[in-house]
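Reader: I have a structure open and would like to learn how to read its features one at a time. Could you walk me through it?

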Amino acid sequence: MKAHVFSIKAMVAAAIIFSAEIQAQVWYVNGNWGTNSSNYVGTIDPAPLYFRVNGQDPNPGQAILSETGSFLTESVNNSNIAKAKGSFVAGSDNVLGQNANSSLVGGWGNDLSDAGGANLVAGQSNRVVNQAGKSVALGWNNIVRNANQFAIGVGVDLKTEYSGGFGVDLIATGNRSFVIGSGSHASTKLTNTIPYSIMLGMSNVSTMLIKDQQVGIRTTTPTANFHTVGTVRLQGLPNGAGRALVVDNDGNVMMANTMLYKQSNQQDTDLQGQIDELKKEVQELKELLKLSKTNVDVSAVSTREPKLFQNVPNPGKSETTIPYYLPEGSGEAAISIYSISGQLVKTIALKEKGRGSLTVTGLQGGSYVYQMSINGQSIDSKKMLMRD
């Protein structure tokens with residue numbers, strides 16, 4: 001009777017073993033046949049699949065294929081949470097919500113619990129919220145709040161889709177707005193609220209803004225292709241020919257009609273000679289100042305020859321008087337006034353014969369030469385000085 005019972009038990013055990021071999025394949029560490037959707041390594045219940053090396057160690061190396069199908073390689077075992085499918089997580093204390101599918105996450109303490117899918121996050125304490133997807137957050141403490149954004153750096157906060165930030169303590173709130181640089185502090189960030197623009201700066205105040213083919217320096221509302229507030233310095237410019245630049249009352253820079261040319265060495269020498277001559281003339285005018293209150297005596301003038309006298313007062317202010325003498329029978333006479341550069345300013349006909357004078361007005365401050373001519377022939381010339 002005992003032998004019969006033992007035989008029945010043996011038969012049941014053999015049937016169980018045979019049935020198990022039919023249901024699943026035995027996997028060997030030294031090699032196995034290929035796998036497919038029905039012949040796989042894994043679990044048949046909603047539980048993670050653990051992989052460990054040095055399993056006897058208190059802190060073994062560990063990787064997990066989560067119950068939802070994401071792969072986790074852990075620097076601190078059992079610290080990551082991945083409810084998403086098809087994501088890859090490396091590091092510790094990272095959290096992926098159920099919609100954060102197909103994402104790549106590396107580092108520590110990154111929070112994608114309220115994220116959408118297809119995000120790339122690396123670093124520490126970065127957050128992707130509002131079901132944002134297809135975005136990038138690299139660095140520390142960055143926040144992505146909408147889809148299609150990139151935050152690279154520290155403390156970058158992106159609020160509107162298609163925006164981006166690169167640097168430290170930055171905020172972008174405008175559609176397709178980008179900000180590059182650094183704010184002053186986590187509480188005083190450099191903020192770009194202007195859509196379709198790029199802002200650059202190294203404090204909480206913008207240094208440069210690029211918007212729709214316009215560049216603003218120290219202004220966020222440029223009104224020209226290049227708009228700057230403050231000083232402009234150009235250094236080490238080459239010599240050459242070109243047109244002068246003029247500035248109107250609104251600060252707009254425009255091209256003048258005057259051509260500028262590079263001066264040759266000989267022209268430089270000529271200019272120096274003119275400067276020296278002007279210095280000499282200034283000295284002469286200083287000497288004339290001593291005589292400005294002296295009356296001109298024309299009583300001793302010969303009655304046979306024309307004579308041109310020094311203007312009084314010299315220097316003059318607003319007006320001056322030029323004495324002269326014309327003998328009877330003199331032809332057509334005139335006094336012409338020229339600028340110090342030789343440009344004719346005015347010509348005054350002399351109709352009075354004998355002792356006479358004419359009063360000159362309307363001249364701007366500067367040095368002048370006046371000349372008396374009879375029948376087109378120069379008789380004499382003198383210099384005079386006018387003050388504004």
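Author: Gladly! Let's begin with burial: a residue is called buried when its relative accessible area is under 20%, and exposed when over 50%. In this predicted model, Ser135 is buried, with a relative accessible area of 2%.

Reader: Where does Ser135 sit along the chain?

Author: Ser135 belongs to the loop between β10 (127–128) and β11 (136–140).

Reader: Which residues does Ser135 touch, apart from those up to four places away in sequence?

Author: Its partners are Ala118, Asn119, Leu120, Val144, Asn146, Ala147, Asn148 and Gln149. Two of these also appear as polar partners: the Ser135 side chain reaches the backbone nitrogen of Asn148 at 3.1 Å, and that of Gln149 at 3.0 Å.

Reader: Can we look at a residue in a strand next?

Author: Try Asn192, which is placed in strand β16. Because buried means under 20% relative accessible area, Asn192 counts as buried at 0%. Leaving out residues up to four places away in sequence, Asn192 touches a list of residues including Ile171, Thr173, Phe178, Ile198, Met199 and Leu209.

Reader: What share of the residues in the protein is buried?

Author: Buried residues are 30% of the 388 in the protein. For the surface, the accessible area comes to about 24,500 Å², with 55% of it belonging to carbon and sulfur atoms. The secondary structure amounts to 2 helices and 30 strands.

Reader: How should I read a pair of aromatic rings?

Author: A ring pair is described by how far apart the centres are and by the angle of the planes. This structure holds 3 aromatic pairs. In one of them, the ring centres of Phe71 and Phe88 are 6.0 Å apart and the planes are at 20°, so the pair is stacked. Phe71 lies in strand β3 (residues 71–74) and Phe88 in strand β5 (residues 88–92), so this pair ties together parts that are 17 residues apart in sequence.

Reader: Are those two rings' residues buried or exposed?

Author: Partly exposed: Phe71 has a relative accessible area of 29%, and Phe88 has one of 36%. Ring pairs also link Phe51 with Phe71 and Phe88 into a cluster.

Reader: Where does the charged end of Arg176 sit?

Author: The charged end of Arg176 is placed over the ring of Tyr162, 4.4 Å from the ring centre.

Reader: And what about a lysine, say Lys189? Which backbone oxygen lies 2.8 Å from a polar atom of its side chain?

Author: That oxygen belongs to Gly155. Lys189 itself is found in the loop between β15 (177–182) and β16 (190–192). Lys189 and Gly155 are 34 residues apart along the chain, and their C-alpha atoms are separated by 8.7 Å. Beyond its neighbours within four places in sequence, Lys189 is also in contact with Asp157, Asp169, Leu170, Ile171, Gly183 and Asn204.

Reader: What share of the contacts joins residues 24 or more positions apart?

Author: Among contacts with a separation of 6 or more, such residues account for 18%.

Reader: Last topic: what is the average pLDDT of the protein?

Author: The average is 84, and 84% of the residues score at least 70. Over residues 1–6 the pLDDT is below 50, and this stretch has 0 contacts in the model beyond near neighbours in sequence. Residues 9–23 likewise stay under 50, with 0 contacts beyond four places in sequence.

Conventions:
Residues are numbered from 1 along each chain as its sequence is written. This is a predicted model: local features need pLDDT of at least 70, side-chain atom pairs count only at pLDDT 80 or more; totals for chains, interfaces and linings use all residues. Side-chain values use heavy atoms; hydrogens and water are left out. Helices (H or I, at least four residues) and strands (E, at least two) are DSSP runs, numbered from the N terminus. Buried means under 20% relative accessible area, exposed over 50%, partly exposed in between (1.4 Å probe, protein chains only). Contact means heavy atoms within 4.5 Å. Accessible areas come from the Shrake-Rupley method with a 1.4 Å probe; for residues, only the protein chains shown count as cover. Rings of Phe, Tyr and Trp (its six-membered ring) pair if their centres lie within 6.5 Å; planes under 30 degrees apart count as stacked, over 60 as edge-to-face and the rest as tilted. A charge sits over a ring if NZ of Lys or CZ of Arg is within 6 Å of the ring centre and within 35 degrees of the ring normal. A polar contact is a pair of N or O atoms within 3.5 Å; within protein, one must be able to donate a hydrogen and the other to accept it, and residues adjacent in sequence count only if both atoms are side-chain atoms. pLDDT is the predictor's confidence in each residue, from 0 to 100.
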